[in-house]
Amino acid sequence: MSKFVIELPPVVALPVAGTEALFPVRRVYCIGRNYAAHTVEMGHDPDRDPPFFFQKNPNNLDPSGEFPYPPHSSNVHHETEMLVALKSGGTNIPLDQALDHVFGYAIALDMTRRDLQEEAKKMGRPWEISKAFEHSAPSGRIHPAAEIGHPNSGRVELKVNGEIRQDGNLHQMIWKVPEMISYLSEYFELAPGDVILSGTPAGVGQVARGDSMEASIEGVGSLVVRVV
Ligand code: MN
């Protein structure tokens, strides 16, 4: 008999491209304002202040291809991001060893209840209500680094109903993937199953029910998500 007093919650896992295998997710870290043009569009200076992070819940990741429009918002934004999946972790990871911890990369959408986020910012409140809601991170298949390498350049694009909304490039990241891993590992103990959403290029904007979001990152594939 199980020693758990309630049924065990399901393990959250993302599909690995080209296989039936799954990548189990432990934690989700997200970096804020990691592309200069997006930082400017959000009303801030794109300087080299230390990076900042927030978290989503593992079970906010959703590979289903559908994004249910969330309640209590009339301004839900798309943010197209490269997801970095870690196969190992640790603390105080040196910069030159950071990429050794990466299993692979995927596309994820950091969906945001922007109206609630603006309110939270004004009040000095935390962001969870705007960022960590149900289905808030539609995600694609993970492509192993063993197959695609470690993309540090490549077009990041999002079309909504066929119209280009976001058009950036991975090389525009202010904090690069090894820097994010190394920095996070100074504050948290990273572990296998942790994922990092690496920030969005400019062009974030609203979606509505019925919209089709088509995201692509050169070298990492594509992801189609319908807003329902
Ligand atoms: Mn984001």
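Is N92 buried or exposed? In this predicted model, N92 is exposed, because its relative accessible area is 55% and a residue counts as exposed when this value is over 50%.

## Two asparagines with positive phi

N92 belongs to the loop between β8 and β9. Its backbone angle phi is positive, at about 50 degrees, although N92 is not a glycine.

A second asparagine, N161, also has a positive phi, near 50 degrees, and it too is a residue other than glycine. N161 is placed in the loop between β13 and β14. These two strands form a hairpin with two residues between the strands, and N161 takes its positive phi there.

## The five-stranded sheet

The hairpin strands take part in an open sheet of five strands, whose order is β6-β18-β17-β13-β14, with mixed pairing. At its edges are β6 (66-67) and β14 (163-169), each of which pairs on one side only.

Strand β13 (residues 155-160) runs antiparallel to β14, and six bridges join the two. Within this pair, K159 stands opposite I164 of β14. At the other edge, β6 pairs with strand β18 (residues 221-227) in the parallel sense, over two bridges. Here F67 faces V227 of β18 as its opposite residue. As a general point, side chains in a regular strand alternate between the two faces of the sheet.

## The six-stranded sheet and helix α5

Another open sheet has six strands in the order β4-β3-β15-β8-β9-β12, again with mixed pairing. Its edge strands are β4 and β12 (143-144), and each pairs on one side only. Two bridges join β9 to β12, and these strands run antiparallel. Y105 stands opposite H143, a residue of β12.

Helix α5 (residues 177-187) contains several buried residues: V177, M180, I181, S182, L184 and S185. What covers the buried residues of α5 includes strands β3 (28-31), β4 (53-56), β8, β9 and β15 (195-197). These five strands also appear in the order of the six-stranded sheet.

## The manganese site

Which residues supply the protein donors of the manganese ion? They are E79 and E81, each through an OE atom, and D110, through an OD atom. The donors lie 2.0 to 2.1 Å from the ion. Along the sequence, the donor residues follow the spacing E-x1-E-x28-D.

The pair E81 and D110 links distant parts of the chain, as the two residues are 29 residues apart. E81 is in strand β8 (residues 80-86), whereas D110 is in the loop between β9 (102-109) and β10 (112-113). Both E81 and D110 are buried.

## The cavity and the pocket

How many cavities of 30 Å³ or more are there? The count comes to one. The largest cavity holds about 130 Å³ of space. Its lining consists of 18 residues, and G32, R33, H38, E79 and K131 lie nearest its centre. E79, named here, is also one of the manganese donors. By class, the lining has five nonpolar, six polar and seven charged residues. Helix α2 (residues 114-123) gives the most to this lining, with three residues.

The largest pocket has a volume of about 190 Å³. It is lined by 15 residues, of which R33, D47, D49, P50 and F52 are the closest to its centre. R33 is therefore named for the pocket as well as for the cavity. The pocket lining divides into seven nonpolar, four polar and four charged residues.

## Q117 in helix α2

Q117 is found in helix α2. Why does Q117 count as buried? The reason is its relative accessibility of 2%, since buried means under 20%.

Leaving aside its neighbours within four places in sequence, Q117 is in contact with M42, T112, W127, S130 and K131. K131 is also among the residues nearest the centre of the largest cavity.

Methods:
Residues are numbered from 1 along each chain as its sequence is written. This is a predicted model: local features need pLDDT of at least 70, side-chain atom pairs count only at pLDDT 80 or more; totals for chains, interfaces and linings use all residues. Side-chain values use heavy atoms; hydrogens and water are left out. Donors are N, O and S atoms within 2.8 Å of the metal (3.2 Å for Na, K and Ca); water is not among the atoms, so sites may look incomplete. Helices (H or I, at least four residues) and strands (E, at least two) are DSSP runs, numbered from the N terminus. Buried means under 20% relative accessible area, exposed over 50%, partly exposed in between (1.4 Å probe, protein chains only). Two strands pair if DSSP finds at least two bridges between them. On a 1 Å grid over the protein atoms alone, a cavity is a set of points where a 1.4 Å probe fits but cannot get out, and a pocket is an open set with protein on both sides within 12 Å along at least five of seven lines; lining residues have an atom within 4 Å of a point. Grid points are joined across faces, edges and corners, and a volume is the space filled by probe spheres set on the points. Ala, Val, Leu, Ile, Met, Phe, Trp, Tyr, Cys and Pro count as nonpolar, Asp, Glu, Lys and Arg as charged, and the others, Gly among them, as polar. Contact means heavy atoms within 4.5 Å.
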